[in-house]
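Student: I have a model open and I'd like to practise reading it feature by feature. Can you walk me through it?

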Amino acid sequence: MALARKDPTVWGAVTVEPGQEIDVEVPISESYSGRQVSFPVHIKRGLLPGPAIFLTAAVHGDELNGTAAIRSLIVDPEMRLLRGTLIMVPVINVLGFETHSRYLPDRRDLNRCFPGLANGSQASRLARVVFEEIVGRCEYGIDLHTAAIRRTNHPNIRGDFRHPGVRELGEAFGCEVLVNEPGPEGSFRRSATEAGCPTIILEAGEIWKMEPAVVDCARRGIKNVLRRFEMLAGPCASPPIYHWVEKTQWVRANQAGFLDFHLGPGSTVRKGQPIATVTSLLGRNPVAITAPTDGIVLGITTLPVTAPGEPVCHVAHLPAQAIALDAAVVRLTDVA
Ligand SMILES: [Zn+2]
């Protein structure tokens with residue numbers, strides 16, 4: 001669907017002048033009691049012309065680490081933009097956010113409804129507003145997520161790295177693990193990229209939390225991108241290693257019981273290495289869950305119990321040389 005371009009510095013009757021920053025409210029819907037619902041947006045404009053970039057979080061309304069990162073950047077005195085425009089939206093899915101929910105009140109996942117329809121479902125209409133008001137004003141985008149309920153993720157960047165703009169963003173962000181994954185049909189990053197606005201997501205941490213290490217990772221990555229585009233002064237914090245991942249897989253339990261993990265998110269694993277041990281309620285019959293491949297642990301379940309078929313650990317495939325190299329460096333994201 002063609003996307004009409006809008007000026008990133010003009011919001012209704014308000015124009016953001018060079019060097020200025022403003023807050024605006026973008027109407028998205030109405031509550032059941034007929035009140036207007038909007039999301040707040042903060043816009044920073046540099047003194048010189050340059051690219052427009054959006055930062056968004058809580059497309060899933062319960063994923064708050066990204067919200068915390070954007071909120072802190074809005075009031076960060078270091079965030080004096082040299083050029084371009086930064087459009088910051090701490091909560092996209094305000095309707096889900098109000099009820100601490102991933103979904104909208106219509107039970108749809110907003111992240112499957114892009115680019116949206118002006119006369120579609122509740123979720124589809126919100127997606128359309130986001131597309132027209134935010135994506136339509138930007139050349140690049142960074143969308144912040146966490147793992148879904150009962151899981152946690154080691155920080156990793158995802159996007160369609162066949163696209164040069166997405167690859168440039170991913171590299172600039174400076175997260176060690178990059179997963180080449182365009183995203184499902186209807187996802188924000190995929191639709192925005194297809195509409196001409198290269199977009200990456202950060203997947204890090206858990207829902208319903210503001211985790212300092214995750215917030216730091218998001219803040220550092222965003223500043224790295226802004227520095228790469230000469231929108232912010234200062235040096236980039238480049239990682240000592242990049243893992244470009246093409247394949248990931250979930251490791252599932254084959255029996256029920258309590259889980260004892262032998263490693264955590266971000267750990268590298270060798271094929272056959274025990275990831276966790278499952279024991280019965282009485283502490284009997286230990287059975288190891290082992291790594292199906294050489295790789296790095298992207299995420300694990302946060303529930304201490306499991307049942308046959310339940311996902312326990314998300315592993316990204318890595319070649320053995322990458323694992324050996326990884327052992328020799330200190331990663332930027334190893335701060336938790
Ligand atoms: Zn999400």
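Tutor: We'll go from the overall build to the core, then to helices, a sheet and a few backbone oddities. Keep in mind that this is a predicted model.

Student: Fine. What is the radius of gyration of the protein, and what would a compact globule have?

Tutor: The idea is to set the computed value beside the one expected for the chain length. With 336 residues, a compact globule would come out near 20 Å, and the protein has 21 Å, so the two agree. Along the principal axes, the C-alpha atoms fill a box of roughly 70 × 50 × 35 Å. The protein has 7 helices and 19 strands, and 48% of its 336 residues count as buried.

Student: How much of the contact total comes from residues 24 or more positions apart?

Tutor: Take the contacts with a separation of 6 or more: residues 24 or more positions apart account for 68% of them.

Student: Now the interior. Which residues touch the most other members of the largest nonpolar core?

Tutor: First the general idea: in soluble globular proteins, nonpolar side chains tend to be buried together. Here the largest nonpolar core has 87 residues, and Ile 87, Val 89, Cys 138 and Ala 218 touch the most other members. The element that gives the most to this core is helix H6 (residues 212–228), with 7 residues. Domain 1 (10–228) and domain 2 (247–326) both give residues to the core, so it lies between them.

Student: Which residues does Ile 87 touch, leaving out those up to four places away in sequence?

Tutor: Its list is Pro 8, Val 41, Ile 43, Ala 52, Phe 54, Ile 134, Arg 137 and Cys 138.

Student: On to helices. Is helix H1 mostly covered or mostly uncovered?

Tutor: For a helix, count its buried residues, then look for what sits over them. Helix H1 (residues 65–74) is mostly covered, with 7 of its 10 residues buried. Those are Asn 65, Gly 66, Thr 67, Ala 68, Ala 69, Ile 70 and Leu 73. The cover includes strands E5 (48–57), E6 (83–89), E7 (140–145) and E10 (199–205), along with H6.

Student: And for helix H3, how far apart are the end C-alpha atoms?

Tutor: They are 17 Å apart; at 1.5 Å a residue, the 12 residues of H3 (122–133) should span 16 Å, so this agrees. Buried in H3 are Ala 123, Ser 124, Leu 126, Ala 127, Arg 128, Val 130, Phe 131 and Glu 133. Strand E3 (21–30) is included in what covers them.

Student: Let's do a sheet. What is the strand order in the open sheet of 4 strands?

Tutor: Strands of a sheet pair through backbone hydrogen bonds, either parallel or antiparallel. In this sheet the order is E16-E15-E13-E18, with antiparallel pairing. E16 (287–290) and E18 (305–306) are the edge strands, each pairing on one side only.

Student: How many bridges join E13 and E15?

Tutor: E13 and E15 (residues 274–279) pair over 4 bridges, and E15 and E16 also pair over 4 bridges. E13 (residues 257–261) and E18 pair over 2 bridges. To follow the register, start at Phe 258, whose bridge partner in E18 is Val 305. Phe 261 has Ala 276 in E15 as its bridge partner, and Ala 276 in turn stands opposite Ile 289 in E16.

Student: Where does Cys 313 fit in?

Tutor: Cys 313 is in strand E19 (residues 311–317). It counts as buried, with 28 C-beta neighbours inside 10 Å. Beyond its neighbours within four places in sequence, Cys 313 is in contact with Val 251, Ile 275, Ala 276, Val 297 and Ile 300. Its C-alpha atom is separated by 9.7 Å from that of Phe 261, 52 residues apart along the chain.

Student: Last, the backbone. Which peptide bond is cis, with omega near 5°?

Tutor: The bond from Phe 114 to Pro 115. Pro 115 lies in the loop between helix H2 (94–97) and H3.

Student: And is Ala 58, with its positive phi of about 55°, buried or exposed?

Tutor: Ala 58 is buried, with 28 other C-beta atoms within 10 Å, and lies in the loop between E5 and H1. His 100 also has a positive phi, near 55°, but His 100 is exposed, with 11 other C-beta atoms within 10 Å. Look for His 100 in the loop between H2 and H3.

Key:
Residues are numbered from 1 along each chain as its sequence is written. This is a predicted model: local features need pLDDT of at least 70, side-chain atom pairs count only at pLDDT 80 or more; totals for chains, interfaces and linings use all residues. A nonpolar core is a set of buried Ala, Val, Leu, Ile, Met, Phe, Trp, Tyr and Cys residues joined through C-beta atoms within 7 Å. A residue is buried if 20 or more other C-beta atoms lie within 10 Å of its own, exposed if 12 or fewer, and partly exposed in between; C-beta atoms are placed from the backbone. Domain bounds come from an automatic or database domain assignment. Two residues are in contact if their C-beta atoms, placed from the backbone, lie within 7 Å. Two strands pair if DSSP finds at least two bridges between them. The expected span of a helix is 1.5 Å times one less than its number of residues. The radius of gyration is taken over C-alpha atoms; the globule rule is 2.2 Å times the number of residues to the power 0.38.
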